[in-house]
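Here is a short report to read beside the sequence and the model. Keep both in view as you go.

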Amino acid sequence: QVQLVESGGGLVQAGGSLRLSCAASGRTFRNYDMGWYRQAPGKEREFVAAISWSGGTTYYADSVKGRFTISRDNAKNTVYLQMNNLKPEDTAIYYCNADSLGTPQFPSNWGQGTQVTVSS
């Protein structure tokens, strides 16, 4: 069983920045591609960004491309999401999970998420 703990969310004005962190434990973190996902009120959870196990490959949803950057530190078992130029439509709860081409590998295993609220 993998434990995922997301942090770093908050309230920010449009155009601002936040950096999210996801600390993972319980499995060999460095063996997995990792992803960020988000769920806005009344909507289904959606893919945001993913990074390969080595950190050498990243990919993003079109809605965040050019504004968000995913990275990881395997020594710390942590994956990050730097979010710049935030927009009100980025408001959601953000989660991390192991990723497989934009799909969570462990869909029954989510952390508590971290709330991001962007005011206009």
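The largest cavity has a lining of 10 residues, and Val-2, Ala-24, Tyr-32, Met-34 and Ala-98 are the ones nearest its centre. A cavity here is a set of points, on a 1 Å grid over the protein atoms alone, where a 1.4 Å probe fits but cannot get out; lining residues have an atom within 4 Å of a point. Eight of the lining residues are nonpolar, one is polar and one is charged. For that split, Ala, Val, Leu, Ile, Met, Phe, Trp, Tyr, Cys and Pro count as nonpolar, Asp, Glu, Lys and Arg as charged, and the others, Gly among them, as polar. The largest cavity holds about 80 Å³ of space. The count of cavities of 30 Å³ or more is one. Volume means the space filled by probe spheres set on the grid points, which are joined across faces, edges and corners.

The model is predicted: local features need pLDDT of at least 70, side-chain atom pairs count only at pLDDT 80 or more, and totals for chains, interfaces and linings use all residues. Residues are numbered from 1 along each chain as its sequence is written, and side-chain values use heavy atoms, with hydrogens and water left out.

**The disulfide**

How many disulfides does a search of the whole structure find? It finds one. The bond joins Cys-22 to Cys-96, with 1.8 Å from S to S; the cut-off for a disulfide is a pair of cysteine sulfur atoms within 2.5 Å. Cys-22 lies in strand β3 (residues 18–25) and Cys-96 in strand β9 (residues 92–100), so the bond ties together parts that are 74 residues apart in sequence. Strands (E, at least two residues) and helices (H or I, at least four) are DSSP runs, numbered from the N terminus. The torsion about the S-S bond of Cys-22 and Cys-96 is about 55 degrees, so this disulfide is right-handed.

Are the two cysteines buried or exposed? Cys-22 is buried, at 0% relative accessibility. Cys-96 is buried too, with a relative accessible area of 0%. Buried means under 20% relative accessible area, exposed over 50%, and partly exposed in between (1.4 Å probe, protein chains only).

**Aromatic rings and charges**

The count of aromatic pairs is five. Rings of Phe, Tyr and Trp (its six-membered ring) pair if their centres lie within 6.5 Å; planes under 30 degrees apart count as stacked, over 60 as edge-to-face and the rest as tilted. One of the pairs is Tyr-37 with Phe-47, which is edge-to-face, at 6.0 Å centre to centre and 70 degrees between the planes. Tyr-37 sits in strand β4 (residues 34–39) and Phe-47 in strand β5 (residues 46–51), so the pair ties together parts 10 residues apart in sequence. Both Tyr-37 and Phe-47 are buried.

Ring pairs also build a cluster: Tyr-37, Phe-47, Tyr-59, Tyr-95 and Trp-110. Trp-110 has a charge over its ring as well, for the charged end of Arg-45 sits there, 3.9 Å from the centre. Arg-19 does likewise with Tyr-80, its charged end lying over the ring at 4.0 Å from the centre. A charge sits over a ring if NZ of Lys or CZ of Arg is within 6 Å of the ring centre and within 35 degrees of the ring normal.

**Loops**

Two residues call for a look at the backbone. Asn-85 has a positive phi of about 50 degrees, although it is not a glycine. Leu-101, also not a glycine, has a positive phi near 55 degrees. The table places these and other loop residues.

| Residue | Loop | Relative accessible area |
|---|---|---|
| Asn-85 | between β8 (78–83) and β9 | 42%, partly exposed |
| Lys-87 | between β8 and β9 | 32%, partly exposed |
| Glu-89 | between β8 and β9 | 54%, exposed |
| Leu-101 | between β9 and β10 (103–104) | 77%, exposed |
| Pro-107 | between β10 and β11 (114–119) | 53%, exposed |

Some C-alpha distances help with orientation. Pro-107 and Gln-3 are 104 residues apart in sequence and 13 Å apart in space. For Lys-87 and Ala-61, the figures are 26 residues and 15 Å. Glu-89 and Glu-6 are 83 residues apart along the chain, with 20 Å between their C-alpha atoms.

Definitions and conventions
1 Å grid on protein atoms, 1.4 Å probe; cavity = no way out; pocket = protein on both sides within 12 Å on 5 of 7 lines; lining within 4 Å.
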